[in-house]
Amino acid sequence: MRDEAIKIFEEARSEGRDFLFEHEAKKLCALYGLPVTTFTISKTEDEAVDAAKEIGFPVVLKIVSPQVLHKSDAGGVLINIEDEDGVRTGYRKILENVKAKVPGAVITGILVQEMAPSSTEIIVGSTKDPTFGPTLMFGLGGIFVEILKDVSFRLAPITKTDAEEMIREIRSYKILEGARGMPKADQEAIVDILLKTSKMLMECPEIKELDMNPVLVYEKGAKIVDARVILE
Ligand code: ADP
Ligand code: MG
């Protein structure tokens with residue numbers, strides 16, 4: 001596990017990057033048993049079509065470029081693509097958007113991935129405290145974190161009890177319980193993600209910041225649809 005993780009970090013550094021591409025971050029997460037969407041990186045439109053057929057429609061297309069850290073800001077994310085035609089026009093559209101928004105951006109490829117059905121969105125993140133090391137953050141996605149700052153924190157490593165407390169102590173906890181017709185969220189799946197993330201952070205001091213945003217949580221299970229890692 002550690003050897004494979006080191007390979008991912010070294011490849012990024014050898015290319016002069018201080019962050020992991022989404023597919024690299026997801027590969028790292030998968031090494032620790034975290035539930036990420038399936039994905040394939042494509043370099044041509046035809047490859048993207050083959051990848052989409054392999055993964056199964058609908059799919060999501062995303063830009064992979066060292067100059068693009070926030071993909072949707074650059075017009076680099078298209079979701080819910082239903083067929084081959086959609087992949088072809090989407091592929092071109094993303095390249096066009098990114099070239100317009102980030103002049104001179106180098107295009108590494110286009111990531112084709114499984115489209116996760118929409119559900120309750122959570123985020124799991126980490127920053128490093130200079131004295132105490134990696135922290136873990138948990139919250140609900142979207143307005144809950146951006147406007148209400150409704151999040152919980154712990155220092156890593158965490159125990160199962162810590163993880164359960166992190167979930168329960170946010171103010172919007174009732175949403176996860178299925179308040180007001182919201183789908184009930186699989187809290188065990190969230191606990192599992194928090195514990196595995198804690199383990200990954202403890203074993204990978206190369207991670208300076210981690211942002212899994214969003215993670216979609218279902219009645220059964222969860223899917224990490226975006227992951228970003230900033231390196232030390
Ligand atoms: P950004 O780099 O802008 O954060 P994301 O990968 O988070 O890009 O994609 C932007 C949004 O698109 C996400 O917040 C999510 O709502 C949606 N999305 C991205 N990937 C998927 C996916 N595989 N399945 C479903 N929705 C997705
Ligand atoms: Mg995101």
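This briefing describes the surroundings of ligand 1 and some backbone features of the chain. The model is predicted, so that local features need pLDDT of at least 70 and side-chain atom pairs count only at pLDDT 80 or more, while totals for chains, interfaces and linings use all residues. Side-chain values use heavy atoms, with hydrogens and water left out, and residues are numbered from 1 along each chain as its sequence is written.

**Ligand 1 and its contacts**
- Around ligand 1 there are 20 residues, each with a heavy atom within 4 Å of the ligand, and Lys-62, Ser-72, Gln-113, Glu-114 and Ala-116 come nearest.
- Among the polar contacts (N or O atom pairs within 3.5 Å), a backbone N or O atom of Glu-114 lies 2.8 Å from a nitrogen atom of ligand 1.
- Oxygen atoms of ligand 1 are also approached by side chains, with an N or O atom of Asp-226 at 2.9 Å and a polar atom of Arg-228 at 3.4 Å.
- The protein covers 83% of the 540 Å² of accessible area (Shrake-Rupley method, 1.4 Å probe) that ligand 1 has on its own.

**Make-up of the shell**
- The shell residues divide into eight nonpolar, five polar (Gly is counted here) and seven charged (Asp, Glu, Lys and Arg).
- Domain 1 (2–114) and domain 2 (120–231), whose bounds come from an automatic or database assignment, each give at least three residues to this shell.

**Backbone features**
- Most residues other than glycine have a negative phi, and most peptide bonds are trans.
- Asn-80, however, has a positive phi of about 55 degrees.
- The peptide bond from Ala-156 to Pro-157 is cis, with omega near 5 degrees, and a cis bond likewise joins Asn-213 and Pro-214, where omega is about 5 degrees.

Note on methods:
Chains lettered and ligands numbered in written order. Polar contact = N/O pair within 3.5 Å; in protein donor to acceptor, adjacent residues only side chain to side chain.
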